[in-house]
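This report walks through a single protein chain, beginning with a pair of helices and moving on to its unusual backbone angles and charged pairs. Please keep the sequence and the structure in view while reading.

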Amino acid sequence: MAFPLSSAIISHKISFNVSIAPSTRRSSLKPTHFIFCFNGKDPERSGRCRVHCLPKNNNLKELKDQHGTLTNSYISTSGNTNKLQSLIAVILVFVQISSPLPLVGWDVLPISPANAVLYSPDTKVPRTGELALRRAIPAYTNMKTIQDSLEEILYLLRIPQRKPYGTMEGNVKKALKIATDEKDSILASIPTDLREKGSTLYASLIDGKNGLQALLACIKDKDPDKVSVGLASSLDTIAELELLQAPGLSFLLPEQYNRYPRLTGRGIVELTIEKGDGSTFSPEAGGEPRKTAKIQVVIDGYSAPLTAGNFAKLVIDEAYNGAKLRSTDQAVLSDNGPDKSNGYSVPLEIKPSGQFEPLYRTKLDVQDGELPTLPLSVYGAVAMAHSEVNEEYSSPYQFFFYLYDKRNAGLGGLSFDEGEFSVFGYATAGRDILSQIKTGDVIRSAKLIEGQDRLVLPDEK
């Protein structure tokens, strides 16, 4: 008899001394050896545990030679078959408790599979729209290396009490060395007509008021507040340089999607929201209550060119002017639109993190480790709703703001809807307004205030 166990990584060495006295006057069985073999190295038998029943006088060396590196546990027992089965069950329970092993092949047990998002709480998913957008820029390796080195300090600053300033200093010095050694390469990667602006930004990054040299001084002073301010400024400058390096898409769209509008870079949309019941929004600092409030959304064509392009076209066509909003605990949604023919039914478009181009009509398997470049698990994420006809496509018109709340998220802080919607941007200004929007409020106007030169419209013919 054999009980399959998965144990491909850990080998176990367990010894049991058990004896069972016969409970009846029937002739007892001959003493028997039970040998538990846990194998983690033989690729043909990897992840298997076998229980061998042998007469007492069998030569154990033969079994050892058969299994090579197996670790054996011996149990000598006698008794009836029922006692024996109970003993084996007790031993296996002990093994599972003392050295947990994932059981394989025990389909007879009435255990349903777990569907939770199994992700470490330490997963470095961007928690702000600004951070997600910065990571989504398809910049050159040297700038990304500088960015990664500085972004690590963001996590180091969260450590309470004794912060690792020595590690922070090493990260800034690494960034400074790359920026200095590769100055010519960094500036050469910027288009000629933008190079003067790039040179100014580069000088600011190195020696500016809130540049890397100033950041290094703040770290040496061990002032976390100044470090945080200087770090944010340096990362903003890096993002501006990276945007200069990436003036367009770094990949070709599939030919069948060339009939859709597309955004070949970044754009900014400004939405003016008005209360539907005549009430007001909370006042800004030192101001008066407002009848209208503005939200700015950065839309990202680098990661979602079709979805962002369709949204931008709808905005310039004034399709959202007068649209009503609906509020739920998790999102603020626009209505379905008075004329659904205004927009394009764009295929679901999600760019996996670390990949070169988006996937189309395919959701990500977050439980298997896939994460999008533009995550939904950010307060103020902007995405298109699913098509009413086919979830492999997005709605041609209806979009929503996602009101991420970690308390309602899965393990690791990921939304249970992560990887299932076409996220194409984030609210970067006016995020505080989102929680004040109620069902019945109205988009008074929507304007594309930046990025119209990057919007490519299809030939209507």
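## Two helices side by side

Two residues are said to be in contact when heavy atoms of the one lie within 4.5 Å of heavy atoms of the other. The model shown here is a predicted one. With that meaning of contact, Tyr165, Met168, Glu169, Val172, Lys173, Ala175 and Leu176 of helix α5 meet Leu212, Gln213, Leu215, Leu216, Ile219 and Lys220 of helix α8. Sorted by class, the residues in this contact are nine nonpolar, one polar and three charged.

Two packed helices are described by the angle between their axes and the distance between the axes. Helix α5 covers residues 165-181 and helix α8 covers residues 212-220, and their axes come within 10 Å of each other while crossing at roughly 165°. Angles over 145 degrees count as roughly antiparallel, and α5 and α8 are therefore roughly antiparallel to each other. The crossing of these two helices is left-handed.

## Leu215 as a close-up

Where does Leu215 lie, and is this residue buried or exposed? Leu215 belongs to helix α8, and because its relative accessibility is 1%, below the 20% limit, Leu215 counts as buried.

Leaving aside residues up to four places away in sequence, Leu215 touches Leu150, Val172, Val227, Gly230, Leu231 and Ser234. One of these partners, Val227, is twelve residues from Leu215 in sequence, and the C-alpha atoms of the two are 6.2 Å apart in space.

## Two positive phi angles

Most residues other than glycine have a negative phi, and most peptide bonds are trans. Gln161 has a positive phi of about 60° although it is not a glycine. Gln161 is found in the loop between α4 (141-156) and α5, and with a relative accessibility of 78% Gln161 counts as exposed.

Lys222, also a residue other than glycine, has a positive phi near 55°. The loop between α8 and α9 (224-245) holds Lys222, and this residue is exposed, with a relative accessible area of 56%.

## Charged pairs

Side chains of opposite charge can pair when their charged atoms come close. The structure holds 15 salt bridges, among them the one that Arg431 forms with Glu130, in which the closest N and O atoms are 3.3 Å apart. This pair links distant parts of the chain, since Arg431 sits in helix α11 (residues 431-434) and Glu130 in helix α3 (residues 129-135), 301 residues apart. Arg431 counts as partly exposed at 26% relative accessibility, and Glu130 likewise counts as partly exposed, at 31%.

How many residues separate Lys177 and Asp181 in helix α5? The two are four residues apart, which is about one turn of the helix, and their side chains meet in a salt bridge with an N to O distance of 2.7 Å. Lys177 is exposed, with a relative accessible area of 54%, and Asp181 is exposed as well, at 53%.

Another salt bridge joins Arg361 to Glu392, with the closest N and O atoms 2.8 Å apart. Arg361 lies in the loop between β11 (359-360) and β12 (381-386), while Glu392 lies in the loop between β12 and β13 (394-402), so the pair ties together parts that are 31 residues apart in sequence. Arg361 counts as partly exposed at 38% relative accessibility, and Glu392 is partly exposed too, with a relative accessible area of 32%. Elsewhere, Arg134, Arg135 and Glu151 are linked in a network of salt bridges.

## The chain as a whole

Stepping back from single residues, the secondary structure of the protein chain comes to eleven helices and 16 strands. The chain has 461 residues, of which 47% count as buried, and Leu215, with its 1% relative accessibility, is one that counts as buried.

Contacts can also be sorted by how far apart the partners stand in the sequence. Among the contacts in the protein chain with a separation of 6 or more, 73% are between residues 24 or more positions apart.

How values were computed: Residues are numbered from 1 along each chain as its sequence is written. This is a predicted model: local features need pLDDT of at least 70, side-chain atom pairs count only at pLDDT 80 or more; totals for chains, interfaces and linings use all residues. Side-chain values use heavy atoms; hydrogens and water are left out. Axes are lines fitted to C-alpha atoms, for helices over the stretch in contact, and angles run from 0 to 180 degrees between N-to-C directions. Angles under 35 degrees count as roughly parallel, over 145 as roughly antiparallel, 65 to 115 as roughly perpendicular and the rest as oblique. A crossing is left-handed if the near helix is turned anticlockwise from the far one by less than a right angle, and right-handed if clockwise. Ala, Val, Leu, Ile, Met, Phe, Trp, Tyr, Cys and Pro count as nonpolar, Asp, Glu, Lys and Arg as charged, and the others, Gly among them, as polar. Buried means under 20% relative accessible area, exposed over 50%, partly exposed in between (1.4 Å probe, protein chains only). A salt bridge is a side-chain nitrogen of Lys or Arg within 4 Å of a carboxyl oxygen of Asp or Glu.
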